[in-house]
Amino acid sequence: GGELLLALTSLILLVGLTAMALADVQTTEPYIVPPPGIGYFNPTTTYATNPDAPGNGDLVQIVHEMDGSDSFARGMIRRSTDNGESWTAFECLQKFVQKGPDRIKWGPSCLFADRDNGMMVLFTQEAYYDNNGLASTWKKRRIVYRISRDNGLTWGDWVNLVQEGADADGVPFDETHWMQGAVYGRNMSTT
C-alpha cells in the first residue's frame, strides 16, 4: 500500500523533474526505476566544467533515495559522457548518519556548475530527525553546501551556510543562529 504509493509518486515526480532538468539534453532513457521500497526524488543535473580535471563536459546527476515519507536515505550520483545517451550506475554520495536513535539526513539538493572557478557546488538541507521522526525536523534544519573541484569525482565536507553580519538585535550570526529569524532547534527556514 504505502510503499507502492510512495514509489509511484516518486516515479511520477522523477519523470517530470528529469524531463525539466534535461530539457536541453537528448537522451534515450526517459526515467529511472528505483529498487522496490525506494523512491527517487529531486534529480539535479549539470555539466562538469573544470577543463583541468577528468570528466570535463560530462553530465553529472544527483538524486535522493527516499525510504519513507520525507525520509531521505541516500544521495546518489551518476555520470554521462555522451550527453545523456547512457549513464554510469548510481554511486552513493551521502548516506544518513545514525546517532543513537536519531538520524541526520541530507536532501533535496540543487547542483550548480561554477564555470568561472572550475567547481561544482551542491546545496541541500540538513535535517536532524529525533528518534528518526519527522516532527523534530521542523525545528532542526539548516542549509549546507559542499564543493567539488574535480568535476564531481570527489567532494569536500558539508559546510553550514551562515549569513554574514548580525541580526536586528546586533547578535552575530553563527551555526546556531545562521540567518535573520532562523535559530536551529527553535524554527527553520528551509522546506
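**View 1. Strand 6 and strand 7 form an antiparallel pair in this predicted model.** Strand 6 covers residues 102-114. Ten bridges join it to strand 7. One residue to find here is C110, whose bridge partner in strand 7 is F123. The two strands make a hairpin with four residues between them. In this hairpin, look for G118, which takes a positive phi near 60°.

**View 2. Strand 7 is largely enclosed by the rest of the structure.** Strand 7 runs over residues 119-129. Ten of its eleven residues are buried, so the strand is largely enclosed. F123 belongs to strand 7 but is partly exposed, with a relative accessible area of 30%. The cut-off explains this label: buried means under 20% relative accessible area, and exposed means over 50%. In a regular strand, side chains alternate between the two faces of the sheet.

**View 3. Strand 7 also pairs with strand 8.** Strand 8 spans residues 141-148. The pairing with strand 7 is antiparallel and has eight bridges. M120 marks one place to look: its bridge partner in strand 8 is S148.

**View 4. F112 and F123 meet edge-to-face.** The structure holds two aromatic pairs. In the pair of F112 and F123, the ring centres are 6.0 Å apart, with 75° between the planes. This pair links distant parts of the chain: F112 sits in strand 6 and F123 in strand 7, eleven residues apart. F112 is partly exposed, at a relative accessible area of 45%. F123 is partly exposed too, at 30%.

**View 5. F123 and Y145 form a tilted pair.** Their ring centres lie 5.9 Å apart. The planes stand at 45°, so the pair counts as tilted. It links distant parts of the chain, with F123 in strand 7 and Y145 in strand 8, 22 residues apart. Y145 counts as partly exposed, with 22% relative accessibility. What do the ring pairs link F112, F123 and Y145 into? They link these residues into a cluster.

**View 6. R78 lies over the face of W87.** Start at the ring of W87 and look for R78. The distance from R78 to the ring centre is 4.2 Å.

**View 7. R103 sits over the ring of F96.** Here the charged end of R103 is the part to follow. It is 3.8 Å from the centre of the F96 ring.

Terms used: Residues numbered from 1 in each chain as written. Predicted model: local features only at pLDDT ≥ 70, side-chain atom pairs only at ≥ 80, totals over all residues. Heavy atoms only, no water. Buried < 20%, exposed > 50% of the residue type's maximum accessible area, 1.4 Å probe, protein only. Pairing = 2+ DSSP bridges. Phe/Tyr/Trp six-rings, centres within 6.5 Å; stacked < 30°, edge-to-face > 60°. Lys NZ or Arg CZ within 6 Å of the ring centre and 35° of its normal.
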